[in-house]
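Visitor: I have a structure to go through. Can you walk me around it?
Guide: Happy to. Here it comes.

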Amino acid sequence: MQRFPCPFCGLRDEREFHFAGPAGKVRPDTTKAVSAEDWADYLYTQPNAKGVVREVWVHTTCQEYFVMERNSATMEVLGSTALRKDAS
Amino acid sequence: MTDRYSAFNVLREGLRGHKGWRPAWRMPEPQPEYDVVIIGGGGHGLATAYYLAKTHGVTRVAVLEKGWLGGGNTGRNTTVIRSNYFYPESVALYDLSVKLYEGLSRDLNYNVMFSQRGMLVLTHSEPEQEMAARLVNAMQINGTDAELYGPEDVRKKAPLLNFREDARFPIHGAVWQGRSGTGRHDAVAWGYARAADRLGVDIIQNCEVTDFLIEGGVCKGVETTRGTIRAGRIGAAVAGHSSVLAGMAGYPLPIQSYALQAFVSEPMKPVIDTVAFSPACGTYFSQSDKGGLVIGGGLDRVPSYAQRGNLPVQEAVLSGLIEFAPVLSKVKLLRHWAGIVDVTPDSSPVLGPSGVKGIYLNCGWGTGGFKAIPAGGYLFAHILATGQHHEISAPFDPARFVTGRLIDEGAASGIAH
């Protein structure tokens, strides 16, 4: 059993977390026309790197989203950061 | 040297101390240039090489494998072969595979032990049974065999399942596909390797691709741990590591890699002679010829390149097993493993051009790559030989993610994969 660090609740059982997607994706600006290619890229393309990855996770018990850095090959967790400015 | 496998030759070589057999494949040094280079010496890569040589007469072909043949997911799966899908595109694809498997042992002169023992996909409620009827109808319309089973039919096929009055998930029926079954996974890799080698394909093991050779926007070859190899066309069939190659060449992929676990129990007397799957319990199992139960379930929920599984999914899969087959609760596990699978948003594979000229893709099979090996190889060989899609592979082109014409089998056939 692995434990992941929620920036709000501390180390918790991996079953409490849900992978939401890669960090850093920007939703296309829908006030302008968006091409099918740009939508496909936003919706479906995954960096899926082997090694250090930055991902958005949600801690399902507190419902907070945060960025977790970890190594997808060794499964080592390198840190987690709240997405809201003040975690307190 | 004795080459062909037959009862007579086995007897003759047995009397001679098995000293006259020709090795199953050569260990060639890589040539500087080939017509086609296939990256990945698993089932799909080896089958592609075989059909390139056999069907299309393209024999200047190399298969590059970073480890040993079939050492990835081809040697790490639960060996189920089936075509119980919902959409016509999927049934065309997977039924081509079942048909090729049906003749494969003879075709390759290698016993792949395809045992068409049938598969039960159980339902545990009336609504699930109605969805099963819908799936059976779709499968029949799409031209593959399917039957809707009631509880008594299921009991006849697999009496060890949970038919107790107080079962938490009572069995209402099943989707039965009698042509489904299991195969010998290593034999599929070895059989294709041997047959491809006999047709002149170079199978190069311990040869990892480290970069692509891109000249003027066109891929002209690969850099490997055993030197530069140039090629007319390059096919990537590396399953869970597809995104690693995509990162090197710079084409986008809609793939996330996850670990998929499987389990084998201690060997025991025959208890089930079919494949039983309960989507509600999240577990399926069959019994191997050696007597071990081969058990599988869903994906680990943490994206991963580590070839090992995590405990929560083990617990879920095994508790699901003892829910729908409680008689197995005292059975001990012998071993367990995990492979890295390439999951797409619509749970359907990706076949076709990568976006970088010269590189073609065979990936995205997710948890169901083994059953698709002959079809994946057959269609990928067609793409690599002609530069065009086969009519069966065309719907699986990566362009579907732009057009929105997805083939969402995860939702349609209710089979998590």
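Guide: One term before we start: helices (H or I, at least four residues) and strands (E, at least two) are DSSP runs, numbered from the N terminus.
Visitor: Good. What are the ground rules?
Guide: This is a predicted model, where local features need pLDDT of at least 70, side-chain atom pairs count only at pLDDT 80 or more, and totals for chains, interfaces and linings use all residues. Residues are numbered from 1 along each chain as its sequence is written, chains are lettered from A and ligands numbered from 1 in the order in which they are written, and side-chain values use heavy atoms, with hydrogens and water left out.
Visitor: How many helices and strands in chain B?
Guide: Chain B has twelve helices and 18 strands.
Visitor: And what radius of gyration does chain B have?
Guide: 21 Å for chain B, which agrees with the value near 22 Å for a compact globule of 417 residues. That radius is taken over C-alpha atoms, and the globule rule is 2.2 Å times the number of residues to the power 0.38. Along the principal axes, the C-alpha trace of chain B spans about 70 × 60 × 40 Å.
Visitor: How much of chain B is buried?
Guide: Buried residues are 58% of its 417. Buried means under 20% relative accessible area, exposed over 50%, partly exposed in between (1.4 Å probe, protein chains only).
Visitor: What about contacts between distant parts of the sequence?
Guide: In chain B, 73% of the contacts with a separation of 6 or more join residues 24 or more positions apart. Contact means heavy atoms within 4.5 Å.
Visitor: Over to chain A. What is the order of its elements?
Guide: From the N terminus, chain A runs β-β-β-α-β-β-β. That is one helix and six strands. Its C-alpha atoms fill a box of roughly 45 × 30 × 20 Å along the principal axes.
Visitor: Same two percentages for chain A, please.
Guide: Buried residues make up 34% of the 88 in chain A. Of the chain A contacts with a separation of 6 or more, 41% are between residues 24 or more positions apart.
Visitor: How many charged side chains does chain A carry?
Guide: Chain A has 11 positive and 12 negative side chains, and the centres of the two sets are 2 Å apart. Lys and Arg count as positive and Asp and Glu as negative; His and the chain ends are not counted. Each charge is placed at NZ of Lys, CZ of Arg, CG of Asp or CD of Glu.
Visitor: And chain B?
Guide: Chain B has 39 positive and 38 negative charges, with mean positions 6 Å apart.
Visitor: Now the interface. How many residues are in contact across it?
Guide: 24 residues of chain A are in contact with 26 of chain B.
Visitor: What area is buried there?
Guide: About 2000 Å² between chain A and chain B, with carbon and sulfur atoms giving 54%. Buried area is the accessible area (1.4 Å probe) that two parts lose on being put together, summed over both.
Visitor: Which chain A residues lose the most?
Guide: Tyr44(A), Asn48(A) and Lys50(A), together 32% of what the chain A side buries.
Visitor: Any backbone oddities? Which residues have a positive phi?
Guide: Among them is Met75(A), at about 70° though not a glycine. Most residues other than glycine have a negative phi. Met75(A) sits in the loop between strand S5 (64-71) and strand S6 (77-82) of chain A. Its relative accessibility is 13%, so Met75(A) counts as buried.
Visitor: One in chain B too?
Guide: His18(B), with phi near 55°. His18(B) is in the loop between helix H1 (7-15) and strand S1 (33-39).
Visitor: Is His18(B) buried or exposed?
Guide: His18(B) is partly exposed, because its relative accessible area is 46%.
Visitor: Let's look at Ile359(B). Where is it?
Guide: Ile359(B) is in strand S18 (residues 359-363) of chain B. At 1% relative accessibility, Ile359(B) is buried. Beyond residues up to four places away in sequence, Ile359(B) touches several others, including Phe212(B), Cys219(B) and Tyr251(B).
Visitor: Last one: what does Lys220(B) touch?
Guide: Leaving out residues up to four places away, Lys220(B) touches Leu213(B), Glu215(B), Arg230(B), Ala231(B) and Ile234(B). Lys220(B) lies in strand S10 (residues 218-224) and is partly exposed at 33% relative accessibility.
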